[in-house]
Amino acid sequence: MSKFAVFILAGEEFGLEIGRIVEILKAQKITPLPKLPSFLCGVISLRGMVIPIMDLRKRFGMAPSPIRERIIIVKTVNERIGLLVDAVKEILSLEKEHVVVPPSIFKGLKAEYLSGIGKAGDRLIVLLNLDNLLTSEERIVLEELKSEIRSEQRGSVG
């Protein structure tokens with residue numbers, strides 16, 4: 001059995017493995033940065049760490065929303081990133097047999113973004129593959145920008 005945090009995005013239910021979630025924050029001021037891909041809104045400072053924020057609606061080609069209620073901080077391959085979502089709904093346990101392999105495209109999302117489709121009664125929950133949300137090129141751009149921010153912060157301290 002696996003546990004997932006279920007969140008809402010454009011009226012659809014998505015899930016993330018609970019073990020990958022660091023914390024869930026109320027929406028806060030996001031500092032925009034130049035040179036970012038359009039689905040990255042900017043960064044926040046969280047206890048001294050610079051955390052990039054990804055608008056999942058933009059990443060998945062969904063209509064933008066004025067609703068920006070929660071930021072889910074998650075661990076990806078080698079960093080932490082914040083995911084902007086409409087609402088966090090619940091923690092849900094799913095048996096292995098209730099998680100199926102996603103089709104090549106599901107609700108307009110590419111299979112590479114999905115780790116599976118969870119079935120909970122008559123609900124279908126899109127389970128995200130966190131490690132594929134950013135390409136290696138996007139990760140490099142983010143790392144370079146975060147390094148620039150850190151060196152600017154060190155420069156302004158002295």
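Me: What makes Phe-60 and Tyr-113 count as buried?
Reply: In this predicted model, both Phe-60 and Tyr-113 are buried, a word reserved for under 20% relative accessible area, with exposed over 50% and partly exposed in between (1.4 Å probe, protein chains only). Residues are numbered from 1 along each chain as its sequence is written, and side-chain values use heavy atoms, without hydrogens and water. Because the model is predicted, local features need pLDDT of at least 70 and side-chain atom pairs count only at pLDDT 80 or more, whereas totals for chains, interfaces and linings use all residues.

Me: Why is the pair of Phe-7 and Phe-14 called stacked?
Reply: Rings of Phe, Tyr and Trp (its six-membered ring) pair if their centres lie within 6.5 Å, and planes under 30 degrees apart count as stacked, over 60 as edge-to-face and the rest as tilted. The centres of Phe-7 and Phe-14 are 5.7 Å apart and their planes stand at 15 degrees, so this pair is stacked.

Me: Why is the pair of Phe-60 and Tyr-113 called tilted?
Reply: Here the ring centres are 5.3 Å apart and the planes stand at 45 degrees, so the pair of Phe-60 and Tyr-113 is tilted. Phe-7, Phe-14, Phe-60 and Tyr-113 form one aromatic cluster.

Me: How do you know that the charged end of Arg-59 sits over the ring of Phe-39?
Reply: The charged end of Arg-59 is 4.0 Å from the centre of the Phe-39 ring and sits over that ring, a term that asks for NZ of Lys or CZ of Arg within 6 Å of the ring centre and within 35 degrees of the ring normal.
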